[in-house]
Every structure is written in structure tokens, then in C-alpha cells.
Amino acid sequence: MAGRRHRVTVIPGDGIGPEVSAAMRVVVDAAAAGIDWVERRAGSAAVAEGDELLPEETLDSIRETRVAIKGPITTPVGSGFRSVNVALRQELDLFAAVRPARSLPGVTTRHGDVDLVVIRENTEDLYRGIEFAPGTPEAEALREELRKLADFEVRPDAGVTLKPISVDGTRRVVRFAFDYAKANGRRRITLGHKATIMPTSDGLFLRTAMEDTIDRDGVAFEDLQIDHLTAELVRRPARFDVLLLPNLYGDILSDLCAGLVGGLGLIPGANIGWEYAVFEPVHGSAPDIAGQGKANPIAMILSGAMLLRHLAQTDAARRVERAVDDVLRAGRVRTPDLGGSSSTTEVGEAIARAVTPD
Ligand code: NAD
């Protein structure tokens, strides 16, 4: 399997991150010969070494290798600093999150025929971090300005988060979604929104997508109100192919889709921009099970498969996905979230052994 080598930045992350990252590396190394891992820190591992949460050295490494894979990173609640995950997406302009959810063999769920992809706008919306805490001079100034501008009355004890959605920000993720659909044999894009209630943000997202002149090349397009879409998703998930969503809805519905196919331990993800790509599982750092060897590494391993596909190592990506399917189908080696008693390492090693030779 001689050929091009690829340098890939790997960030183990917090909580269960180092455990699932180690398992992912074993599997990817079994499937593809050309990966040189460049390990960098972020999150509490970086802080423990006296560094910032997202060290410049880590960002520089991603800028140099252009491709990274990361474990989850804990965001302390209400501590005032931006989530490392959100910061990374914004710093590197990773504007599209891609989260495939498919029914896996041997994992019993209510619906056995799910095969969809969530494409989430990743940089705008309520996640832009434009926050006004109640009682601060900034919040007071904002209230005053809103009153002057349009007679909007905001209560003095209100916290305010702004929801910017732009034409440019929308257009690029719409184009990405159509390109993705065409490249991956997907036939239909369903856009979710609440344009009736938020015509200037969600409405703009919808109108921009409808008016875009991109060559749709046989990919059908429809839109649904987000509440209706959510109900349909739970009732008849097989009806959906690609879901195109603004940031917040995309975050929530990708966890819902994880639930549809057997849980957070199974769903991989990618954050993609024009220049860089960062792969990561959808799940968080799971502090409740960290350090116990119980975490399911499959979401991280399938994120590794997405990374291989991005590097045009399509055969290696397929071998990883097949190995995951084979181990799940056999049903002997499973972590506790899937009803088994195997450890993270045992699942990783079983999948690595199931990877067929080139
Ligand atoms: P979580 O995804 O960490 O955990 C939710 C539940 O799912 C927990 O019961 C956990 O045990 C379980 N779970 C998650 N991953 C699992 C796996 N691989 N195997 C088995 N069970 C698994 O969500 P949370 O508890 O809301 O968040 C914990 C921390 O992670 C927070 O600080 C949050 O901000 C952070 N987070 C980070 C990312 C990221 O790095 N991209 C994403 C989501 C949450």
C-alpha cells in the first residue's frame, strides 16, 4: 500500500476523548498505511500543561496539516469563555458540519431503515456568541437602541442572544449541501426552518436556498417547518435523505438522529471549510463514564472513516465501515451503551482485526 503519506493533526480531547481517540487510531492504522499522526492538545489537557484551552500551536498544526480529527472537549457551563469546539469552527471557518446517521446491523432500534445525513450551518445563528448578560452596560445600551430603532421593549432582567443568519453564510452551506448530495448519490435535500416566526433570519436562510442558481443536477429540494420536520423525523425517518439546517436546529436534530440509530456512541461527524476539515464524533466528553473504559469508540472510528474518504483513501474508508458493521453484526464485542460488557479498547481491537487486507 505504498503511496502518498498524509499528516493529520489528532487532538485526543477531554473525558472519554483520549480513550476513543486511541481506539480510532488503532483501526485507521489497520486500514490505511499512509497516515502520520501529529498529536496536539486542546481543552483540559492543554490547561493542565499551563496552556490556553485552544493553544495557538494546535491551531497552527491544523493550518499546516489542513486535516484534523479530534475527540470531544468539555465546555464548562456558564464560565464565560467560548466553547473550544465553537472557537475552532469559527477560527478555521469550518462552515458546514456533516453528520451521517444510518441504521447499523445488529443494533435494534424502532426504525431499521434510517440512512440520512444532517448538514448543519456551523458558524452563524445563535452560536455566533453575540451575548448580552442582563444588567450589564452593554445590555442596557442594546435595550436603549432597540427602543429607539423600533420601539422594541426588552425587559431589564432579560439576557439576550442574537441570531445572525447571512446570505453569504447561507449560500455557501447550500452549495456545499448540493455538491455533497451529488458526490454521494443523495437524491433529496430537506431544509428545516421557522420562517413564519423568524422571517429575517430563518426566512432568509430559506429564501437564499430557494433562489440559489446552483446546478441542482437531479437533487430534489423541499422545505419543512422545523417543528413539523422533527415530528416527521421521529415518525418516518426513512423518508429523509439530506437535512440542511441552520446551526441550532442542526445541533439538536443531529442528536435526535443519533438517538434514532442507537445512540450518541455511533454517530460520526465532520466540520468542513474551504481550506480545512476537522473530523469529530457528535457526542461530548461524557464525564459520567470517562476513565472507565466504557465509552463506545464507534462514533470516533467512523469519524476516522470520514477522514479517510476526505483524503481520497476511499477503499480504506470502506474497509473501516465494513469492519464496524461486521463487529456489530456479530454482536459479541460491544460496549455497555449497546448492551454489551466489552471495553473501549476491546471494541477498537476487534474492529481493527476485522479490517480486511487491502
Ligand atoms: P455527552 O455527549 O458527553 O453525553 C451524553 C450522554 O451520552 C451521557 O450519558 C454519556 O455517557 C453518553 N455518551 C456520549 N458519548 C458516548 C459514547 N461514545 N459511548 C457511550 N456513551 C456515550 O453530552 P453532555 O453530557 O451534554 O456533554 C458533556 C460535555 O461535552 C460538555 O462539556 C459539552 O459541552 C461537551 N461537548 C463537546 C462536544 C464536542 O467536543 N464536539 C460535543 C458535545 C458536547
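**Ligand shell and helix packing**

Student: Which residue places a backbone N or O atom 3.0 Å from an oxygen atom of the ligand?

Tutor: This is a predicted model: local features need pLDDT of at least 70, side-chain atom pairs need 80 or more, and totals for chains, interfaces and linings use all residues. Numbering runs from 1 along each chain as its sequence is written, and side-chain values use heavy atoms, without hydrogens or water. A polar contact here is a pair of N or O atoms within 3.5 Å. The backbone partner, 3.0 Å from a ligand oxygen, is Ser-285.

Student: Which side chain lies 2.9 Å from an oxygen atom of the ligand?

Tutor: A ligand nitrogen is 3.0 Å from a side-chain N or O atom of Glu-280. The polar side-chain atom 2.9 Å from a ligand oxygen belongs to Asp-288.

Student: What share of the ligand's area does the protein bury?

Tutor: Areas come from the Shrake-Rupley method with a 1.4 Å probe. Alone, the ligand exposes 820 Å². Of that, the protein buries 69%.

Student: How many residues surround the ligand?

Tutor: A residue is counted if one of its heavy atoms lies within 4 Å. Among the closest are Ile-73 and Asn-296. The full count is 22.

Student: How are H10 and H11 oriented to each other?

Tutor: Helices are DSSP runs (H or I, at least four residues), numbered from the N terminus. Axes are lines fitted to C-alpha atoms, with angles from 0 to 180 degrees between N-to-C directions. Those of H10 (residues 298-310) and H11 (residues 314-330) come within 7 Å and cross at roughly 160°. Angles over 145 degrees count as roughly antiparallel, so H10 and H11 are roughly antiparallel.

Student: And what is H1 relative to H10?

Tutor: H1 (residues 17-31) and H10 pack at about 45°, axes 8 Å apart. Oblique means outside the ranges under 35, 65 to 115 and over 145 degrees. That makes H1, relative to H10, oblique.

Key:
Polar contact = N/O pair within 3.5 Å; in protein donor to acceptor, adjacent residues only side chain to side chain. Helix = DSSP H or I, 4+ residues; strand = E, 2+ residues; numbered from the N terminus.
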